[in-house]
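Colleague: I am new to this structure and should like to understand the terms applied to it. May I ask for the reasoning behind each one?

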Amino acid sequence: MADFEFNEHHQNEVINYMRFARSKRLLRLKTIDSCFQDLKDSRLVEETFTVDEVGDMLEGLRVVVRGEVETELINTAHTNVLLLRQLFSQAEKFYLRLQTDISELENRELLEQVAEFEKTDFKTNSKVNQESNKPKLAPLNEGGVSELLNKEISRLHEENEKLRTRLRTLESQAMSALDEKSKAERALKELQKKQGDQQSALRAQQISSLEETVATMQADFEKSLSANAASQKELQEGLVSAKHEQLRVQEQLSLAEKELEKKFQQTAAYRNMKEILGKKNDQIKELRKRLQRYETDE
């Protein structure tokens, strides 16, 4: 029975649970027996029964027995859940993680070993003290749990040491980064100072160049103003001379026209044209008089 060898404390706890389960099982069996006895006392009072009456009695018995069995199975499942809850809660206090293998619950070989354990070890330990302490895991000084705890403590120590080493490395890297940052800030300030001096000199040079440019432009503008004033004076004088010349030319044209008209009037063509125009005028006057007489006769 190597699979069911326990230390003394664990063996007592297993026996207590099996005793508890056995008492609940016996109690439920007595209840089922009482169901049959009640049926005998209440219904089996006659010597003969019909098929329907037997069927009714069996159906009623089936319902009662099924209810008792179902209640017992549900209660057993809930009891096992509470037992697992206690074990898990106690294991968490020691930072242990318990795992279950549901497939092992239907292992026939293990179930037969449990039945054999109940027949043998349960009888030999029937005189165990009923007032045992509250169920809990084995103390730390026991081999299995102590070994597990020691391994867990060692693992935690190793992890802590690794974390401390990593923390020191990170602190060193952080200090190096801070030093580099300080150096970079100082270099940046010096560069900004140099750039500021260079920019100041450049601004001064630009301002000086702008002042020279403005002075040159102002001198050119003054020269342009002087040149424009002289040009304007010359233009005004030229305009006056042009106006005088225009008046003189107009006067000469007027005299030329008068002279030309006088000469034209003295020509034979002019006299003939003047005579023809006079005759035409006389004819027009005669036609007008005739027209007036005609209109009067009408």
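Colleague: Why is Arg164 called partly exposed?

Modeller: In this predicted model, Arg164 has a relative accessibility of 45%. Partly exposed covers what lies between under 20%, which is buried, and over 50%, which is exposed; Arg164 therefore counts as partly exposed.

Colleague: What makes the contact of Arg164 and Glu161 a salt bridge?

Modeller: Their side chains meet at 3.7 Å, N to O. The cut-off is a nitrogen of Lys or Arg within 4 Å of a carboxyl oxygen of Asp or Glu, so the pair qualifies. Glu161, at 41% relative accessibility, is also partly exposed.

Colleague: Why are Arg164 and Glu161 said to be separated by about one helical turn?

Modeller: Because they are three residues apart in helix α4, residues 143–265. An α-helix has 3.6 residues a turn, so residues three or four places apart point the same way.

Colleague: How do you know that Glu245 forms a salt bridge with Arg248?

Modeller: The closest N and O atoms of Glu245 and Arg248 are 2.0 Å apart, and the limit is 4 Å. These two residues also lie in helix α4, three residues apart, and are therefore separated by about one helical turn. Glu245 has a relative accessible area of 38% and is partly exposed; Arg248, with 37%, is partly exposed as well.

Colleague: What spacing do Lys279 and Glu275 have in helix α5?

Modeller: Lys279 and Glu275 are four residues apart, so about one helical turn separates them. Their side chains meet in a salt bridge at 3.9 Å, N to O, which is within the 4 Å cut-off. Glu275, at 46% relative accessibility, counts as partly exposed.

Modeller: Salt bridges that share partners also join Arg28, Glu68 and Glu72 into one network. A search of the whole structure finds 10 salt bridges.

Colleague: Which residues gather in a patch of positive charge on the surface?

Modeller: Lys285, Arg288, Lys289 and Arg293 form that patch. Lys and Arg count as positive, which is why the patch is given that sign. Lys289 belongs to helix α5, residues 268–297.

Colleague: What makes the patch of Glu46, Asp52, Glu53 and Asp56 negative?

Modeller: The patch is formed by Glu and Asp residues, and Asp and Glu count as negative. Asp56 is found in helix α2, residues 51–93.

Colleague: Why does Asp56 count as exposed?

Modeller: Its relative accessibility is 53%, and exposed means over 50%; Asp56 is therefore exposed.

Colleague: Which residues of α2 are buried?

Modeller: Among them are Met57, Leu61, Val65, Glu68 and Glu72. The term requires under 20% relative accessible area.

Colleague: How do you know that the span of α2 agrees with what is expected?

Modeller: At 1.5 Å a residue, the 43 residues of α2 should span 63 Å, and its end C-alpha atoms are 63 Å apart, so the values agree. Just after α2, Tyr95 takes a positive phi of about 60°.

Colleague: Which residues make the nonpolar surface patch?

Modeller: Leu84, Leu87, Phe88 and Leu98 make a patch of about 300 Å². Leu98 has a relative accessible area of 40% and is partly exposed. A patch residue must have over 30%, so Leu98 meets that requirement.

Notes: Residues are numbered from 1 along each chain as its sequence is written. This is a predicted model: local features need pLDDT of at least 70, side-chain atom pairs count only at pLDDT 80 or more; totals for chains, interfaces and linings use all residues. Side-chain values use heavy atoms; hydrogens and water are left out. Patches are made of residues with over 30% relative accessible area and no salt bridge: like charges are joined within 9 Å, nonpolar side chains (Val, Leu, Ile, Met, Phe, Trp, Tyr) within 5 Å. Accessible areas come from the Shrake-Rupley method with a 1.4 Å probe; for residues, only the protein chains shown count as cover. The place of a charge is taken as NZ of Lys, CZ of Arg, CG of Asp or CD of Glu. Buried means under 20% relative accessible area, exposed over 50%, partly exposed in between (1.4 Å probe, protein chains only). The expected span of a helix is 1.5 Å times one less than its number of residues.
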